Structures are given as C-alpha cells and as structure tokens.
Amino acid sequence: MPPHPTKTKPKPAAPGKPAPVEPATTPAPPIEPATTPAAPPEPGRRPGNAYLRLFAAPGTRAFTAGNLIARVPMGMFTVSAVIMIAGSRGSYALAGAVTATGLAATAVVAPFTARLIDRYGQARVAVPATVLAVLGSLALLLCVRHDAPDWTLFAAYAATATTPNIGGMSRARWAHLYRADPRAVHTANAFEQAVDELCFMTGPVLAAFLCAALFPEAGTLVGAVLLLAGMLLFTAQRATEPPVAPRVAGQRSRSPLRTPGMPALLAVFLATGAIFGSMEIVTLAYVDGPQAGPVMALQAFGSFLAGLVYGSVRPARDVRRRLLVCLAAMTVLMSLPLLAASYSGSLLALAGALLLAGMATAPTMVTGMSLVQRLTPAAQLNEGMTLAVTALLGGISAGAAAGGWLVERAGADTAYGLPVAAGAAALALAAVGVRVRRALP
C-alpha cells in the first residue's frame, strides 16, 4: 500500500467566516485484480480452519464443483469399458487389451495436451480436448452397440487420450491463487488428493451400478456427459485461471523432464504406481467375490481420511526428507496386508490392514506433488504434474501385470509381498535422488 500523504493542520477560520473545506488528499484504495494471491492466514488462527480459509477466496467453490463433476468419470471409464466390451464380445482379454491401449495412448498424449494448456490457457485447450475425448467415448459406445470390428474399439478408446488432467489444472489454480501462502497450497494439495481417493471409491461403484441397472453402455454414456459438463463449468471460472506466461521470441521452453531432479522423482512415482496396481490385482484375486469391491475401497477410504488430516498440518520445511519419511511409512504399512493374508486368512483382518495401509498413500502423494511443483517452472506446471500422473499410471499398469503374473505362480497371499517390494524400490529411488540433488533450492 502506498503511504498516506502527510496532512497539515488546518488554519483556524477568521471570525464570522465559515471554516474552509479541506480537499480529500487520501487516494482511493486500488481495486485488487481477481488473480491477486490470497493473503496468508492470520496468526493465531487454529489449524482446524485450514479448509474454511482455503475456500474463502472468490471463485474457488465454483471451479471445485466443476472439478468434482469432471473427475468422477475418471474412475468410471475403465470399469464401464470392461463391462461393456466383455458383455458384448464375451472376452475379458479383449476388454483388457482395449483399456490397456487407451492407457498407453494417454501416457503419450497427455503431456502434450498439458503443454498446450500451459502455453495457451486452460479454457482454450481443455474444452476442445475434452470434446474430442467425449467423441471417442461415444464412438466406442456405438462400435460396441453395433458390433463393429474389434480394431474400431482400439481406435475409439485411444481417442479418449486427449482428456485433460483435470486434477493437475485444479492444482495449478490453487498454486496460483495461494502462491504467497505455502501452507494454503499444502492444504489444497491434500484436498485434491482426498478428492482423487473419493472419486476412486465412488466412480467404479457408480459405473457398475449404471451398467447393471440400466444397460451395458450406460456407464460410458453418463461418464461422458459428466466429463463434458464438469469441464465446461470448470473452465467457465476465468477469474481463477492461471495466466499464460508471455513467450519470448526465439526462445523455446525446456521440457520439465530436463529439470534437475525431475527424472528421479518420476521414477519414484513409477514405483509408487506399481504399489497401487499390484495391490489392486492381488486383492481382487485373494478375495475373489462380491466383497472385493468394498474391501478394496477401504484402502482408498483410509487414504481419504489421512489426506484430510494431513492437509491441516504444517507443511514440511524439507520436502525431500518428508517424502522419504512418507515412503518409509508406506513400505511398512504395505506389509500389513501381507501379514494378514499369510498368517490370519481372515477377510476382516485383511480389510483392517488395507484401511491402515491406505493411510500412507495421501501424505506420500501430496508430498510428491509438492516436490513436483517446486521443481517445475510456474509456466509449465500443468505439464510437470501431468508427467507425474503419467508415470503413476505407467506404474499402475506394470504393477497390475506383475501382480497377476505372481498370483498365478505363487498364490495371492504370497503376491502381497509385491507392493512391499515396490514401496522399498520407491524409497530407494527417492533416497538416491535426494542425495544427488540436495543442493537444489
């Protein structure tokens, strides 16, 4: 704020004359733009109010509503496609191959989509990219419905790879709005991770219900409608959209992959994804029944609760050290399902072990994403976070494949050792990366 000009003491009025009126010398306060970062929290506020303060900024509730609507389908599409294709063609192998192709296409296309979002803005790129993805989902639905050749299923599902990373765009908005308040950014990252877990729990259940209660294509159809509606609502909130960094003529921006420390961090995300992918397939094989869905959801529910609690604590001064602590805790907690399956054999014990094991997920992911945000230039934040998500998806795919292979050869109870091994690998990779890049700010 500019200093107020010094006021001089008014002269007394002459007898019989009215006192002169002093002109207003204090300028009107400037109008703050919509993109001004929110003020840091006032001292003395209780940590329990962190989420209330987070949504006090104008526009945050509106773009969060769009974010939630658009993110639920992310947990619906794979389950819907498998149910739809397997029910029509009678082949789970074909359904799995189609969804795996879509995942591989997403790993290739998503970073380029994020780069365009960083360069031209969220609204200008995310809406047409979402329209293309929705058309791909509708094309898949029609191909299955009208018994089109198998190759058309692969082509249609690959077209959905243009779906923008809605979670990354939402995190970019929080990082921009609260760039002067690291604690608020920490809380926002924890909230976004909790939303991820919530959608992971509700999306597959909603998809399975729609496909069973209505018709096999209902899950894909509803998911496409929700994705488009949520993205339109999200991108309509232009006041909270991060500004596009001006481009310098003749200067090309480097990929975040070339940022020191980023390759090692992506390797950690890859190994962490292997934990999730292997744990899911091993649990499906171990439970092998209708109880598998609710039992698996307990791991996500544990992560959801831990994410909300973690968002209210003070962010770490040394993010790399916090990441090591979180990965060590995750590795230890992932051994609980192994112990429950090997020595107890009780489904109730396994459910409790999965609930506890999930409580290390959200703190680890929040800390990892915070490190991605620190290593990535602000003008390339969407691309950096999308690379992290891509590495995570690649790890999930590899972990699921390795878990299925180990289940067939050693049994499901022994295969629970694979998530523990993946956690140890992630911890080792993080330890090496921290030691090499300790000098970075």
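**Helices, a pocket and some single residues in a predicted model**

Me: In which helix does Gly-384 lie?
Reply: This model is predicted. One of its helices runs over 381-410. Gly-384 lies in that helix, H16.

Me: Is Gly-384 buried or exposed?
Reply: Buried means under 20% relative accessible area. Gly-384 has a relative accessible area of 0%. Gly-384 is therefore buried.

Me: Which residues does Gly-384 touch, leaving out those up to four places away in sequence?
Reply: One partner is 12 residues away along the chain, and its C-alpha atom is separated from that of Gly-384 by 6.7 Å. With sequence neighbours up to four places away left out, the residues touched are Pro-256, Val-372 and Thr-376.

Me: How far apart are the end C-alpha atoms of H16?
Reply: H16 has 30 residues. The expected span is 1.5 Å times one less than the number of residues, so H16 should span 44 Å. The model agrees with that, and the end C-alpha atoms are apart by 42 Å.

Me: Which residue follows H16?
Reply: The residue after H16 has a positive phi, near 95°. It is a glycine, Gly-411.

Me: Which helix gives the most residues to the lining of the second largest pocket?
Reply: The second largest pocket has a volume of about 690 Å³. Of its 34 lining residues, the closest to the centre are Ala-175, His-176, Val-185, Gln-373 and Leu-381. Helices H4, H7, H8, H12, H15 and H16 each supply at least two residues of the lining. The top contributor, with five residues, is H15.

Me: How many residues of the lining of the second largest pocket are nonpolar?
Reply: The lining divides into three classes. Five residues are charged and 10 are polar. The nonpolar residues number 19.

Me: How many residues of H7 are buried?
Reply: H7 has 12 residues and reaches 17 Å from its first C-alpha to its last, close to the 16 Å expected. The buried residues include Arg-171, Arg-173, Trp-174 and His-176. H7 is largely enclosed by the rest of the structure, because its buried residues number 12 of the 12.

Me: Which backbone oxygen lies 3.3 Å from a polar atom of the side chain of Thr-240?
Reply: Thr-240 sits in the loop between H9 and H10. It is buried, with a relative accessible area of 2%. Beyond four places in sequence, Thr-240 touches Pro-58, Gly-59, Thr-60, Phe-63, Arg-173, His-176 and Leu-177. The oxygen at 3.3 Å from the side-chain polar atom belongs to Gln-237.

Me: What is the phi of Asp-147?
Reply: Most residues other than glycine have a negative phi. Asp-147, in the loop between H5 and H6, is not a glycine, yet its phi is positive. The value is about 55°.

Me: Is Asp-147 buried or exposed?
Reply: Exposed means over 50% relative accessible area. Asp-147 has 58%, so it is exposed.

Me: What share of the contacts in the chain with a separation of 6 or more comes from residues 24 or more positions apart?
Reply: The chain has 18 helices and zero strands. Of its 441 residues, 46% are buried. Among contacts with a separation of 6 or more, residues 24 or more positions apart account for 83%.

Terms used
Residues are numbered from 1 along each chain as its sequence is written. This is a predicted model: local features need pLDDT of at least 70, side-chain atom pairs count only at pLDDT 80 or more; totals for chains, interfaces and linings use all residues. Side-chain values use heavy atoms; hydrogens and water are left out. On a 1 Å grid over the protein atoms alone, a cavity is a set of points where a 1.4 Å probe fits but cannot get out, and a pocket is an open set with protein on both sides within 12 Å along at least five of seven lines; lining residues have an atom within 4 Å of a point. Grid points are joined across faces, edges and corners, and a volume is the space filled by probe spheres set on the points. Helices (H or I, at least four residues) and strands (E, at least two) are DSSP runs, numbered from the N terminus. Ala, Val, Leu, Ile, Met, Phe, Trp, Tyr, Cys and Pro count as nonpolar, Asp, Glu, Lys and Arg as charged, and the others, Gly among them, as polar. Buried means under 20% relative accessible area, exposed over 50%, partly exposed in between (1.4 Å probe, protein chains only). A polar contact is a pair of N or O atoms within 3.5 Å; within protein, one must be able to donate a hydrogen and the other to accept it, and residues adjacent in sequence count only if both atoms are side-chain atoms. Contact means heavy atoms within 4.5 Å.
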